[in-house]
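Subject: Structure for you to look at

Hi,

Here is the structure I said I would pass on. Have a look at it first, and my notes on what turned up follow below.

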Amino acid sequence: MIRVDLAACTLRLPLGMIVLGRNSRPNGSLALATIELSGLAKTHARGVVGLHPIELEIPSGELLVVLGPSGSGKSTLLRLIAGLDAPTAGRIVIAGRDMAGVSPRDRDLAMVFQSPALYPHLSVFENLAFPLRARGRPRGSIAGRVREVARALEIEPLLDRGPASLSGGERQRVALGRAVARAPRIILLDEPFSSLDPPLRAALRERLLDLHRGSGATLVHVTHDQQEALTTADRIAVLNQGRLLQCGDPRSIYERPADRFTASFVGSPPINLIPCRIEADGDGFRVHVESFEHPTSWPISGDQLPARDTPLGAFELGLRPEMLRIAAGERAPGSSAPRLFAIVDRLEYNGAEVVARLTSGSRTLTARLGANPTVRPGETVELTFDPSRAMWFDGLERACSWAKEPA
Ligand code: ADP
Ligand code: MG
């Protein structure tokens, strides 16, 4: 495992160029690998909706991560782009060309599946050579290219073996090698690492970034692992129940989720969602938290209200665990700072910090308290947070904190 990691580090920069052969394409045709999806939709047999109509443009060279739970339509989307399934509606345009009726083979893309599809009766060498032969690469150049790719992915010692004798990680690396050997302009990855254990997964993730860096290829990587998405993506497209909920860079997905689902699917430990009511209070407004054992309320200024049009009523307050702080002793009388009371149930030390699990009646809260918190299990603590960072979700589970910001 260590060997793999070290090699990944040393090979990091040149790898993408070696493996994808950046200069092997005439006059930069990789630059044309933009994928445009318009109104693209798929209904499977028996009326099962795989994908509701989506609009998405994936710029050439982007690493887009498609993130969603099992059954959210990720594979459906990828198979449509690959041409393995036909859409029920909508268009796929790659490099300016409508893909309707274009076979997978003629789309100049490669796909890697969760269970690597290798030819069981061929050696690793022949598995890597196959796509090159199939594309009519000059015979003399094939062995050199196979060795180049195998070296970059550290599978050179395996070239004479058969797929049956390989470990899961090795098979997955061969599958990646097969996909990139002929330097396609688009690479589609359908959860290729999900069955591997975490250290191997991390090593292959490094490889993936290496592959992408400097290659110019457009890469669409499907995963259900939000951490993998946050750490690797240029942009993340969040899918749930066949719907594209949001597409944006990792920071905007994490800090400004468009809806309750995205807010709670992304982030670990997950966001705290606290039912609240906002009521008029004299000239201003007040937030009431009544579902806690210690009900509490605090004033809220007009510019911090979740929504301009319907500012009153029931909302959910979203607070990431790192937004919560212990408010011990800092509250001046008459202060309008928000506050929540809860009992420390458990402290979880993870090396870098302590995560506190708190309860208030049947409600639970999670707070990241830094490396050396002073609180103890069993203690009742007062928590506070910066109200300007709070997220709000309305009855339709839409985020309503950002609407009032200037576009
Ligand atoms: P994911 O890859 O995110 O787990 P899928 O795209 O495989 O999700 O599936 C999305 C939905 O479409 C699911 O409800 C799934 O059961 C359904 N589905 C996928 N493929 C087929 C198929 N070939 N026939 C019928 N239903 C399918
Ligand atoms: Mg899938």
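F130 counts as partly exposed, because its relative accessibility is 36% and buried would mean under 20%. You'll find F130 in helix α3, which covers residues 124–134. Its C-alpha atom is separated by 9.9 Å from that of R182, although the two residues are 52 apart along the chain. Do keep in mind as you read on that this is a predicted model.

Next, the ligand. Which residues surround ligand 1? Going along the chain, they are H44, V48, G50, P69, S70, G71, S72, G73, K74, S75 and T76. Sorted by class, that shell has 8 polar, 2 nonpolar and 1 charged residues. Helix α2, residues 74–82, gives the most to the shell, with 3 residues.

There are some polar contacts here to look at up close. An oxygen atom of ligand 1 sits 2.5 Å from an N or O atom in the side chain of T76. With S72, a polar backbone atom lies 3.1 Å from an oxygen of the ligand, and a polar backbone atom of G73 is also 3.1 Å from a ligand oxygen. On its own, ligand 1 would expose 560 Å², and the protein buries 60% of that.

Now for the aromatic rings: the structure holds 4 aromatic pairs. One of them is W298 with F385, an edge-to-face pair with 5.8 Å from centre to centre and 80° between the planes. This pair links distant parts of the chain, 87 residues apart: W298 is in strand β13 (residues 296–300), while F385 is in the loop between β19 (380–384) and β20 (391–393). Are these two buried or exposed? W298 counts as buried because its relative accessibility is 3%, and F385 is buried too, with a relative accessible area of 3%.

Another edge-to-face pair is formed by F315 and W392, at 6.2 Å centre to centre and with 80° between the planes. F315 lies in strand β14 (residues 313–319) and W392 in strand β20, so this pair ties together parts that are 77 residues apart in sequence. Both F315 and W392 are buried.

Helix α6 is another one to pick out in the viewer. Its 15 residues, 198–212, should span 21 Å at 1.5 Å a residue, and the end C-alpha atoms are indeed 21 Å apart, so the two values agree. Of those 15 residues, 11 are buried, which means the helix is largely enclosed by the rest of the structure. Among the buried ones are L200, A203, L204, L208, L209 and L211, but R201, R205, R207, D210 and H212 are on that list as well.

Last, a few backbone oddities. Most residues other than glycine have a negative phi, and most peptide bonds are trans. Here is what goes against that:

- S268 and P269 are joined by a cis peptide bond, with omega at about -5°. P269 is in the loop between α9 (260–265) and β11 (272–281).
- A95 has a positive phi, near 50°. A95 belongs to the loop between β4 (89–94) and β5 (97–98), and counts as partly exposed at 31% relative accessibility.
- E154 has a positive phi as well, near 60°. E154 is placed in the loop between α4 (139–152) and α5 (168–180), and is buried, with a relative accessible area of 15%.

Cheers

Note on methods. Residues numbered from 1 in each chain as written. Chains lettered and ligands numbered in written order. Predicted model: local features only at pLDDT ≥ 70, side-chain atom pairs only at ≥ 80, totals over all residues. Heavy atoms only, no water. Near = heavy atom within 4 Å. Polar contact = N/O pair within 3.5 Å; in protein donor to acceptor, adjacent residues only side chain to side chain. Areas by Shrake-Rupley, 256 points an atom, 1.4 Å probe, with all protein chains shown as cover. Helix = DSSP H or I, 4+ residues; strand = E, 2+ residues; numbered from the N terminus. Nonpolar A, V, L, I, M, F, W, Y, C, P; charged D, E, K, R; others polar. Expected span 1.5 Å × (residues − 1). Buried < 20%, exposed > 50% of the residue type's maximum accessible area, 1.4 Å probe, protein only. Phe/Tyr/Trp six-rings, centres within 6.5 Å; stacked < 30°, edge-to-face > 60°.
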